[in-house]
Amino acid sequence: PTFPPFTVGAWPSNYSPNSNDNITIYVICRVQNQSMSGPAQPPSSSLSVSVVIGSPIGQTYSGSTDATGLAAIPITFNDPTAGQPVTVDAYVTYNGTRYHAATFFTPSPNAPTPTVGPKGTPGATPETTPTPKTGG
């Protein structure tokens, strides 16, 4: 198989920020050496990056790569659905081809847990049918 001529990756500065916070989405771009005789290099010029933050935040941000092929895009958000993962899609066009990388973050993943009421214990399975005894 042919190695891709260009690769893109993305990640957040914090995978578990607060529900109302600021984080940075990092996007890294690399031009791959097709002869495999050396490592991948940053693009020779700056590339435009688009970052789409999924529901429930629903925002789009943009930035550009620096001389090292890295874009650092700050985002500010207020997510009312604590503990639910938020998707992040990064898009970069290189030599007329659009490339994509995906990541996520989960605002306030330590949301309060429900309290146990009189109906049972978390994780317990209710027994509906008695197990018959075998033997003589």
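Start at the hairpin of E3 and E4 and select Gly 58: with 5 residues between the strands, this hairpin has Gly 58 at a positive phi near 60°. Keep in mind that you are looking at a predicted model.

**The two strands of the hairpin**

Now colour strand E3 (48-53) and strand E4 (residues 59-64). They run antiparallel, joined by 6 bridges. Pick Val 51 and look across to E4, where its bridge partner is Tyr 61. Then turn to the other neighbour: in E6, Val 51 has Ala 90 as its bridge partner. E3 and E6 also pair in the antiparallel sense, here over 5 bridges.

**Widening the view to the sheet**

Add E7 to your selection, and you have an open sheet of 4 strands in the order E4-E3-E6-E7, with antiparallel pairing. Its edge strands are E4 and E7, each of which pairs on one side only. Look along the sheet to see the twist: neighbouring strands are turned by 20° against each other on average, direction ignored.

**The other sheet**

Next, select E1, E2 and E5. These form an open sheet of 3 strands, ordered E1-E2-E5 and paired antiparallel. Here strand E1 (6-12) and strand E5 (70-78) are at the edges, each pairing on one side only. From one strand to the next, the twist averages 20°. Strand E2 (residues 20-31) is joined to E5 by 9 bridges, and the two run antiparallel. To see one of these partnerships, click Val 27, whose bridge partner in E5 is Ala 71.

With both sheets coloured, step back for the whole chain. It has 7 strands and 0 helices, giving the pattern β-β-β-β-β-β-β along the sequence. Of its 136 residues, 29% count as buried. Among contacts with a separation of 6 or more, 57% are between residues 24 or more positions apart.

**Into the core**

Which residues touch the most other members of the largest nonpolar core? Select Val 27, Val 51, Ile 53 and Phe 105; these are the ones, out of 25 residues in that core. Two or more residues each come from E1, E2, E3, E5, strand E6 (86-94) and E7. E6 gives the largest share, with 5 residues.

Val 51 is a good place to pause. Leaving aside neighbours within four places in sequence, its contacts include Ile 25, Val 27, Ile 73 and Val 88. Tyr 61 and Ala 90, the bridge partners you met earlier, are also among its contacts.

**A walk among the rings**

Show the aromatic side chains now. The whole structure holds 5 aromatic pairs. Begin with Trp 11 and Tyr 26, a stacked pair with 5.5 Å from centre to centre and 25° between the planes. This pair links distant parts of the chain, with Trp 11 in strand E1 and Tyr 26 in strand E2, 15 residues apart. Trp 11 has 33% relative accessibility, so it counts as partly exposed. Tyr 26, at 25%, is partly exposed too.

Then move to Tyr 15 and Phe 104. Their ring centres are 5.7 Å apart and their planes are at 55°, so this pair is tilted. Tyr 15 lies in the loop between E1 and E2 and Phe 104 in strand E7 (residues 97-105), so the pair ties together parts that are 89 residues apart in sequence. Are these two rings buried or partly exposed? Tyr 15 is partly exposed, with a relative accessible area of 41%, and Phe 104 is partly exposed at 39%.

Two more stops involve rings. Select Phe 6, Tyr 94 and Tyr 99 together to see one aromatic cluster. After that, choose Arg 98, which lies over the face of Tyr 91, at 4.0 Å from the ring centre.

**Last stop: Pro 109**

Finish in the segment after E7, where you will find Pro 109. This proline counts as partly exposed, at 39% relative accessibility. Which residues does Pro 109 contact, leaving aside its neighbours within four places in sequence? They are Ser 16, Pro 17 and Gly 83. Draw a distance between the C-alpha atoms of Pro 109 and Gly 83: they are separated by 4.1 Å, although the two residues are 26 residues apart along the chain.

Technical notes
Residues are numbered from 1 along each chain as its sequence is written. This is a predicted model: local features need pLDDT of at least 70, side-chain atom pairs count only at pLDDT 80 or more; totals for chains, interfaces and linings use all residues. Side-chain values use heavy atoms; hydrogens and water are left out. Two strands pair if DSSP finds at least two bridges between them. Axes are lines fitted to C-alpha atoms, for helices over the stretch in contact, and angles run from 0 to 180 degrees between N-to-C directions. Rings of Phe, Tyr and Trp (its six-membered ring) pair if their centres lie within 6.5 Å; planes under 30 degrees apart count as stacked, over 60 as edge-to-face and the rest as tilted. Buried means under 20% relative accessible area, exposed over 50%, partly exposed in between (1.4 Å probe, protein chains only). A charge sits over a ring if NZ of Lys or CZ of Arg is within 6 Å of the ring centre and within 35 degrees of the ring normal. A nonpolar core is a set of buried Ala, Val, Leu, Ile, Met, Phe, Trp, Tyr and Cys residues joined through side-chain atoms within 4.5 Å. Contact means heavy atoms within 4.5 Å.
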